Every structure is written in C-alpha cells, then in structure tokens.
Amino acid sequence: MPKDTSIQSILVIGSGPIVIGQAAEFDYAGTQGCSALKEEGYEVILVNNNPATIMSDQAFADRVYFEPLTVDSLEKIIELERPDGILATLGGQTGLNLAYQLSEAGILERFQVKFLGSSIETIKKAEDREIFRALMKELNEPVPESEIIRDVETARRFGQMIGFPIIVRPAYTLGGTGGGIANHLAELEALVKGGLNESAINQCLIEKSIAGYKEIEFEVVRDSTDTCIIICNMENIDPVGIHTGDSIVVAPSQTLTNDEYQLLRQAAVKIVSKLGIIGGCNIQFALDPTSRNYYLIEVNPRVSRSSALASKATGYPIAQIAAKLAVGYSLSELYHPLTKHKSSSFEPVIDYVVVKFPKWAFNKFPAADRRLGTQMKATGEAMGMDRNLERALLKAIHSLDGGTDLKKTYLIEAATDHLEQMLTEQTDERFFIIMELLRRGQRVETLFEMTKIDRFFLQSFKKLVNLEQQVAAQTFETITKSKLQMFKEKGISDQYLANEWHVTERAIRNKRKMLGIKPIYKMVDTCAGEFEAYSNYFYSSYFGETELNVRKDKRKVLIIGSGPIRIGQGIEFDYCSVQAVFALKKAMVETIMINNNPETVSTDYKIADRLYFEPLILEDVLNVIEAEGITEVLIQFGGQTALNLAEKLEEYGLTLLGITSNKINQLEDRKQFYQLLDDLTIPHMDGEIVQSEKELSTAVKKMGFPVLIRPSFVIGGKGMEIISCKTELERYIQKNRIYPVLADRFLQGMEAEFDLAADGQHMYVPAIIEHIERTGVHSGDSVSVIPPQSLTSDVQEKMIGYARLIVQKLQYKGLMNIQFIINKEKVYVLEVNPRASRTVPIISKVTDVPLVEIATKVLLGKYHLSNDVIAHHSNNDFVCVKYPVFSTYALKGLDSKVGPEMKSTGEGIAIASTFEEAMKKAFQNDRLKKIVQWRIGIKGNGNDKRLKLLAEAAGVKLIDIEDHYSIQQMKEMIALFSPNESFVDRKLREEAIKNRIITFTERETLEVFLQGLAVEEWSVRSMGDWLDRVKKTKEVSIR
Amino acid sequence: MNGYLYLDGDQCFKGQWLTAPLEHNVNRKIIFFTGMIGYEDVLIDPTYTNQIVIFTYPLIGTYGISYEEYIHKKPSVGAVVVYEAVDDPSHYQSTSSLTEYLEKWNIPMLSHVDTRAVVKKLRNRSSMSAILSSSEPI
C-alpha cells in the first residue's frame, strides 16, 4: 500500500532522559524514524526533553519540544500543533505509555490525531497481561502458569497453590523494574508490594518461575498486508531469570536445532500477526533445554534495545523501516538500503557471530547490590562481531574499557569455594568467575549445573582458558607464525600477549606484522555474501580475504567514538561524534567512524562514510588506521575513552587534529595544570599530588579540612571523595591502595562552567552555566541554569578572562570545557577538560550555535574566528534548566546523596520564560497531580524560615521526619529532603527511592524545587520559537 | 592435514580436513547454503545429492546430530566445506558431532576455509563445479 496522504504532520514522542533500561537505543530509533518520516515529506514534531540526543537536533525534526513527557504537557503541545498523526513506538516504554494515556484520556480523539503504526488496540493487547494471556490461550500459545494481581493477599494464595520459585513482573514499567524471583512466601510478599508500587497501573504478573530455560528472542517486522519477517533471532547466554539487558547475548541463536528454531519462529509470526503489529516487535521465549516445551515470556510491540542490537547485528534498519510501515507502506514497496536491489521483505542472513556484553556501573559503586535478576542494572553495552564466537566475545569484552585480560586479580586471590558461592549469587562478574573456575579445572558439567548456561557456551569459555594456557607456554622469541595466527584469529589481544611475554605492545605489533599477520575487513551486507551489496559497514577478522577497497587519495579523518554508555560518559559524546561527522562531511572530508556501542546513532552505517565496529583499544584503532591509510584523527568528541588513546596514537605517528598529547597533559596532569595556572596567575585550589599515605597526611595537615581527594585522569568523578575530618581521612587511608592521588583544598562556594570553541587565538563562548548546588556536587549531578541567575557580570568577566588566558597561552584549538568555583567575588579555575563535554549538546541546542561544527572546522584548518565571541543571555530571552536524572531505583545499595562522584544516568532540560517556570517543568510528574495535599518530609535542620516561606508559597506542608517514620507518612510525601550522611538518613533515602519519591540531599535543590511548585500556569513552546523570539528581541534592541 | 578447494581450475582455498584426508580428488558441483541454522537438514536434502555443500555461517554443528532423527540417515551431500565445525556440540538429543556423523558415512569435510570468499565467487554463476583435493596447488 502506498503512503498515507491524509496526514501531513506527525508527532513523535521520544523516550526522555537516559535511565537504566531506556538508553541511547531510543535515540538511534528516534533519529532513524524521524529522518525516515522527513524523507517521506512529513512535517515532524518531536517531543523529547533529553537534550543530549541526536534526534532532537533541528536536522531531524521540523519542530522540537524540550517539554516534560507528561500527559498534561503532551496535551498542550497537541493543542498548539494539531498534528495529524502520532508515532509512539520509537520512544520506548515512555513513549508507548504516554500515547496510551493520551488515548485513554480522549485527547487523541478530541484533536483528531491518527494513531500510526500498531493500533492502540494492538498495544493494549500486547501490554496488558490479562488481555494478552487470554489471547495467547486462544492461540494455544503456552504462557507460564500465572496470575494478574492487584494485592498481596491474592499473591500469597497463588504462591501457596503453585509453589515456589515464583517470578514477579510488574506491568507498565521500565526495564523490568521492581520484579524479581521469590523463593518463599515472605520474599513474595515483599516483591509484590514493591512491584505494585512500581507499576504504572498497579498491576503485577506473578508466575511460576521458569528460570534456567534458554532465553530466545526474535525481532520481527510486520506490515499491514500481513507480511511478517524475522530480522534476527538471539540467544541469551544467561538463561531465563537474568534480564536480557544484563545478559550476554549472542546472535543468531547457537544451540537451537532447526526444529526448535522453526517451532519458535512459527509461534512468533503467529503471535505478531494476531496482535496486528505494524512495524517492529520483540518477542521473548523460554525454551526448555531438554524438551520441545517452550513458553512465551514477553512481547514488546515497539522498537527496543534488542531491536537496536538486531539492527546493528544484521545491518537491517528496523526503526527506519518501521517508521515507513507506520505511514502505510508495505515491506515489498521499500528497498533494502544495503543491498539496494532487494526489497525490504528479504530476511537478513548473517555469516558471522555477534556477541553483546553489558556494561555495569558497579566498579564505581562498590556498595550497590551486584546481583542480577529480572530488574535490569546495566547502563550500556558493547557488541563484538567476527567469524568465530571466541573473538566476537573477546571483542565485546575488549570494548568495555576494562582491559583485555580476563584474569581478575581479586578473583585469582579468592578461594574456590568462595568463587562458587559468588557464582550462585548471579552477579555481573559471573563470566569472570566462571573463567577463573575453569582455570582451576572445574568441569563444564558442574558449571552447567550451577549456572544453567548452555554447555556449548561453557565449552567456548573453556577454549579461551585453553588459549591462555597456550599463550603462557610460549615466549616472544619462540612463537611461530601459525601459533600466533591462531591466537589472533581467536581474539587474543596484542596487549595481552605483550603482558604475558613481558615485551611492549609495540614489539608484538611489529613482530605480528613482520610475520604477515594482519586483520582483514569483512562487510556486513545482510545476505551472507549471496548478492552484491554496497555496504560501508565493516568488522575485522584475522582470517580470510579482505573486502575493503579504499581510496587513499582523498583527505579522510578518523572519529573515535565513546564506546558503551556508562555513568559519566553518556550519549552526549555520541551526539558530539555524530555532529563531528556531519561537519567533516560538509567540509568534503571522508569520515571513518570506529565504535562498538550497538545502541547508538554513531554506529548507524548511514552516518559516516565508513563504519568499523571494533573495540576502542589501541590495536584495533591502529589496524583501522593502517587499513584506511589514515593520518589524521579526531579525539575530542568521544569523551575520555578517545582522549586516553591520544598519546599512544601520537607515538605511532598520527596527527591528532588541532591538539597534541602534550597539551592534553598540561591540562589533565594536575601538577602541570597548576603550574600553568600559576604562570597565568589564575587562582586555583591549593592542591598536591601525593605518592603515599604519609604524604597525604602531611598535605592534609597543611591544607586543613575539608579536602577533596581523587585519582588522576578520571571519568565522572570516579573515586572522588570529600574528606572533612580526621576519622574520614583514616578510613580513606585504610581503604585506598592506589597512589598517587590528588588532594585539593575543598572550598565551599558556587560552581559554574562553560564550553568554548577556540581557534588557537580566539574563542567562542555561547553560554555560561551556573550550578544551583554548591561546590562538592559533581557537575553531572547538579541542577544548572542558563543564563546564570546570581553571578555578577564582574564574575562572568573574570571567568571569560581566565579562559582567554588559557586558550591563548596554549594556542588551544577545538572544544574546551572549563569548570569554576566562585567564592564571594573570587573566581577559581577548578578543572579544564580539553574535549567535548556533557553540556555541549545542551548549549548547542539552546543557543543555536553549532559548537561541534565550529570546532571541527577549526581543527581541519578550515575556519578561523576573527574575534572573541562571547554571548550574553538575559532572563528576558528564556531560561534553560538542566537537571540530572537518576536510576537509583535500579541499583539497590547506592545511596542517593549527591557528591563529587557522579551518580546520575541522564539529564533533562526545561525551558521557560522564567527560572521558576522552568523548574516547574523540570520536576513535572504525574504523581504531583494525583496527590491533593503536597507534603515534603524534612530530615535534619533545614526547616527554617526561608524554607517555610518557600513552602507556603508553593502550597506545600513541610513535615519534620524523626528517626522513626511510618511508611504511610512516606507514601503521602511528594519529596524528601535528607542531607545527612548518617545510617538513618541513608535508610530513609533508600525507602523514599523505593517508593519513587523525589529525594533531595542538597538544600539548594529543594529550594528551587519549591520555587517551581509555586508556579501555577505554564506553557509549551518549541525550541525554534524560543530562538526566533530571541532573534526578534535582539533586532528590536539594536534599533 | 591441509586440504584444498579448487574453483574454476585456478582459484585455490586452503583448509584443513576434519575427516580423513581425501586420497583421490573429488570433482563435483558446488552449492552454497546461507542459512544460519539447519545444517542437519541440508546434509540429507536429496536436492544436493553428491554435491559439495559450502556453509556461509561460520560455526556449524553447534547442536550436533540427533540420534533418533538423523544419525541413521545417510547424508546425500558429497562433501562439506565450513569455516569451523564444532567438536563439542550441546543438545539433549545429540549423540554425535557433525564430524563423527560425516566420518561414519565417509563424507569428507574441509574446514577453516573463508567460506564467504568462496560464495562471492559462486554467486554470479548459475552452476559451478569444484575440486576437493589433498594436493597442494602446483
């Protein structure tokens, strides 16, 4: 069927700030979807309050609303824009739930907005367990014995009848949040209680647990003519019981016979057809490892994390096709973009193995509960692909920034029975524990009994242990070509060989190349080489013929991506990498992207001229560089991961565009940095690099408490602590084994920051950002505001002046982020990051200054600033608030108190004419609407006159929380303020998080929250309109 | 031991025999199979009688060969070429590995071949024959 011409404009709902369970994959889906709709000539109106996304760039949508993702907000936007259609299946569960609520509230009907893609009925059928179960019964598709419950009592009865273990899955949640497996009645009650609270519709599914079954997923695409194709099937190495987002996943499935595959495939097609899905759909099955019995676990009637993985694994752009199917096309009418001459109804076939490995934040948060279950805990993931399973797996692991050695010291030191105990706890370390047990000779059969991981995968792990032993038995001098070839083919890194053989990585590299062992590059073409394809998407292999045919006569630049999403290095760097690619393309430079994150836009093969899906370790980056004949590299945009490669790449003769590792060191090495600031007479904190406990004690004695201690070269403030007394210092000394550390005097004050693009002499500063919280809160976790609300112009001038001095002294080129501390009127430079930062996308969007593009052109040598450009915004234009979003609800044991170590997973922005209105929007949520009498629990001594006045104005009752509080009291609160470190405070915060109550630990945040609540009227406006308004007022003022 | 796949007389792909090395050259029609699953059915498919079958999916034999359904059926294919065949298959019904099964029926299997590269040579030809041999190219 041809496209729908009855509609002209389409509202797309994004998935909002990044949280665990909903990350960059929806930026990838949304970006593809929006550009597919624009390609068809539709006007795209996008709502997404996540500023770090690529989809919210003006290139992908006609109008972008950075507005709250609530029904009220969407209603206002719909009323204003009157879109003809709405597409809700690109924005994750958030988008789907919102669209569902808009429909239920009659808003879509009232404004005659057509629901595109799968119908509301379809979504209801797939999402509501009761309706879904009834439908599956009708289809004769097995679902585990289960019951939908709305209260604990029914759950208890079910448990007594069915027996344990029982799995609890709340309906309408993110990433399985709030679910779990109960082994006895008390656990069941606790889980159900939490689950009901978590569920947006107060509903839980409790079912007989089938933990231990194989978990198999199918990515299905269906059109309105009932053509239904399988894009990819995937097998979770971790069996049912561990969330697929926390599982090591392999594609295609490895241990299913043809008979089993067809059995599940037919079921998938039958279910998707019956549901009436139009677009992408994910289906999860549990298959008994010892019979043909299977169960249906879940259907997601939308694109998902798995569909992003399937798209990258196969080269089939699911979201792009899904968007076109939603506006009426059928699969046979669309072309497959990689093969060009094939219709998009051609099922992808792959001739390599794909492995996805999750990335968790536990190393950053030792107190968090590492056990995995039905609630997802990973913040990101990496993917590896190759012609054999071992190297595909190792590539994924090499991509995690955790080194290339699978031997972990703390596991090597542990006793065997302790390791076995750890294994039963199913933590994120299970793969490394299994490896260590295999090294100690543990049998595959025993490990299978303990983990239910299929013996096939365990055998593969054992092969890796075997390889380790073979490597250990060789030496650098005696290694033969065939042996080394085998090690490389199976994925052993140069770095690992260097460590084992006590030589440098360079020596290994040279010897390897001398022996003629070099990687080749195979194409991802979706058809296993059967047809000619025009793909620009490659992966390396140390065996076979290369398919790379590159021209070396055109100027080309390598962009190093940022790898898996983690706390402190999120999708903002993907935004910057992609913007850099666009800027290079505009400058007619060939773009080569290397990255390994399957969730992101940068790894969409449509972005760069060529895409290499590879780990970001030196070996693989150099391999690509050599294969392409690259001499110039951009490292400023991929965050710290890319920056950390700088020095080594230089040693290999590469030109880091616009910067040298020497300059980077001058800014990142604390000693050199302070020297630089002293030379320029720029004030900074007193600080010292200390090499030992003793030096640390002496330094602290000299500086006095409080001090800020941190390791050098950190991401997201990892390992940073504020030490304010002797006891804390002693505790730190006991705990910390690694020196040197940096000890800085900690100064109470305000914080501010800005990003700039410089050309070696002049700089462009589009905006200054003021942090709401005082010093000591990581910039990523602070609420911040543009333009500054309380910085005097004198202070702002000083900030700019210091930046100018640094830029000129270093003749700095490219992007730079500078953080300041302001104490009274004195300005100190806290740190300088010689790279893109978290705030670059925000600033670019709200000021309409393409910072990355400017920086890229400068770095290419194609652009100069004729003067310093310092933008001055006033509150008359608009106020933009950036606020952190936390996933503490998914990470039990992680205290929500903010500090120097970053904890938030994402961020949102809100824009309004006043600061107060922006704050109101920042904290919009449906809970506020449900509760009539607003109460905020206050723990500690914050209950003073000023707070009372603010609360009164907002209609909020402040309640003093004693050490003993009731759960009921908690449930009635809209927020909790608890700034202290005591055990009771921690418990209180944990309880609040469990009940999904906003928790503040800094007084300033609470104050601005109250200021926001006091606002009654608020309105929505597109970013474009805000910018137009600014332009107009500027014109007026010029006249 | 090394084995060789010759296409069109001049193009040669080196591999290793997983089954007993061929004593005499085998000259047959060669076809490729791009499916990622279902090698067991390809081997007994009468369409491929006596032909050399080359698998593009690189990892073949993951779930072995099941006793009840397949082990007594004589494969119809004449020879098999793969990148990697799995020695330790895992499936509750599996009673032998792919190599064992083929050995039992005397079907040669050559492994460690860049099967994708071979398929790219084959894809534009309606029919092509190939020679499997234990002799190195001259």
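**Fold of chain B, salt bridges and backbone details in the predicted model**

For a chain of 138 residues, a compact globule would come out with a radius of gyration near 14 Å, and chain B has 14 Å, so the two agree. This is a predicted model, and everything below should be read that way. Laid along its principal axes, the set of C-alpha atoms of chain B fills a box of roughly 45 × 30 × 20 Å. The chain is built from four helices and 11 strands. Of its 138 residues, 58% count as buried.

On the outside of chain B, a negative surface patch is made up of Asp87(B), Asp88(B), Glu100(B) and Glu103(B). Asp87(B) sits in the loop that runs between β8 (84–85) and β9 (94–96) of chain B. Its relative accessibility is 54%, and because the cut-off for exposed is over 50%, Asp87(B) counts as exposed.

Next come the charged pairs. Over all chains, a search of the whole structure turns up 80 salt bridges. One of them pairs Lys513(A) with Glu626(A), with the closest N and O atoms 3.1 Å apart. This pair ties together distant parts of the chain: Lys513(A) belongs to helix α20 (residues 505–514) of chain A and Glu626(A) to helix α22 (residues 618–628) of chain A, with the two positions 113 residues apart in the count along the sequence. Neither partner is hidden away completely. Lys513(A) has a relative accessibility of 32% and so counts as partly exposed; Glu626(A), at 33%, is also partly exposed.

The salt bridge between Arg610(A) and Glu590(A) has an N to O distance of 2.6 Å. Here the link is between two strands, as Arg610(A) is in strand β21 (residues 610–613) of chain A and Glu590(A) is in strand β20 (residues 590–595) of chain A, 20 residues apart. Both side chains belong to buried residues. For Arg610(A) the relative accessible area is 11%, which means it is buried, and Glu590(A) is buried too, at 9%.

A further salt bridge brings Asp985(A) and Lys939(A) together at 3.5 Å, N to O. Again distant parts of the chain are linked, 46 residues apart: Asp985(A) is in helix α36 (residues 983–994) of chain A, while Lys939(A) is in the loop between β37 (934–938) and α34 (945–954) of chain A. Asp985(A) and Lys939(A) are both buried. Beyond such pairs, salt bridges with shared partners tie eight residues from chains A and B into one network: Asp351(A), Arg387(A), Lys522(A), Asp525(A), Glu547(A), Asp114(B), Arg116(B) and Lys120(B).

Contacts between remote stretches of sequence also show up in the backbone. Ile659(A) and Lys813(A) are 154 residues apart in sequence, yet their C-alpha atoms are 6.6 Å apart in space. Ile659(A) is in the loop between β23 (655–656) and α25 (661–668) of chain A. With a relative accessible area of 4%, against a cut-off of under 20%, Ile659(A) is therefore buried.

Some backbone geometry in chain A is also worth a look. Phe164(A) and Pro165(A) are joined by a cis peptide bond, with omega at about 0 degrees. Pro165(A) lies in the loop between α7 (152–162) and β7 (166–170) of chain A. Another cis peptide bond connects Ala251(A) to Pro252(A), and there omega is about -10 degrees. Pro252(A) is placed in the loop between β12 (249–251) and α9 (258–275) of chain A.

Positive phi values turn up as well. Ala528(A) is not a glycine, but its phi is positive, at about 55 degrees. Ala528(A) lies in the loop between β17 (520–523) and β18 (537–541) of chain A, and its relative accessible area of 0% means that it is buried. Asp848(A), another residue other than glycine, has a positive phi near 65 degrees. Its position is in the loop between α30 (840–847) and α31 (851–860) of chain A. Unlike the buried Ala528(A), Asp848(A) is partly exposed, with a relative accessible area of 41%.

Technical notes
Residues numbered from 1 in each chain as written. Chains lettered and ligands numbered in written order. Predicted model: local features only at pLDDT ≥ 70, side-chain atom pairs only at ≥ 80, totals over all residues. Heavy atoms only, no water. Patch = residues over 30% accessible without salt bridge, like charges linked within 9 Å, V, L, I, M, F, W, Y side chains within 5 Å. Areas by Shrake-Rupley, 256 points an atom, 1.4 Å probe, with all protein chains shown as cover. Salt bridge = Lys/Arg side-chain N within 4 Å of Asp/Glu carboxyl O. Lys, Arg positive; Asp, Glu negative; His and termini not counted. Charge placed at Lys NZ, Arg CZ, Asp CG, Glu CD. Buried < 20%, exposed > 50% of the residue type's maximum accessible area, 1.4 Å probe, protein only. Rg over C-alpha atoms; globule rule 2.2 N^0.38 Å.
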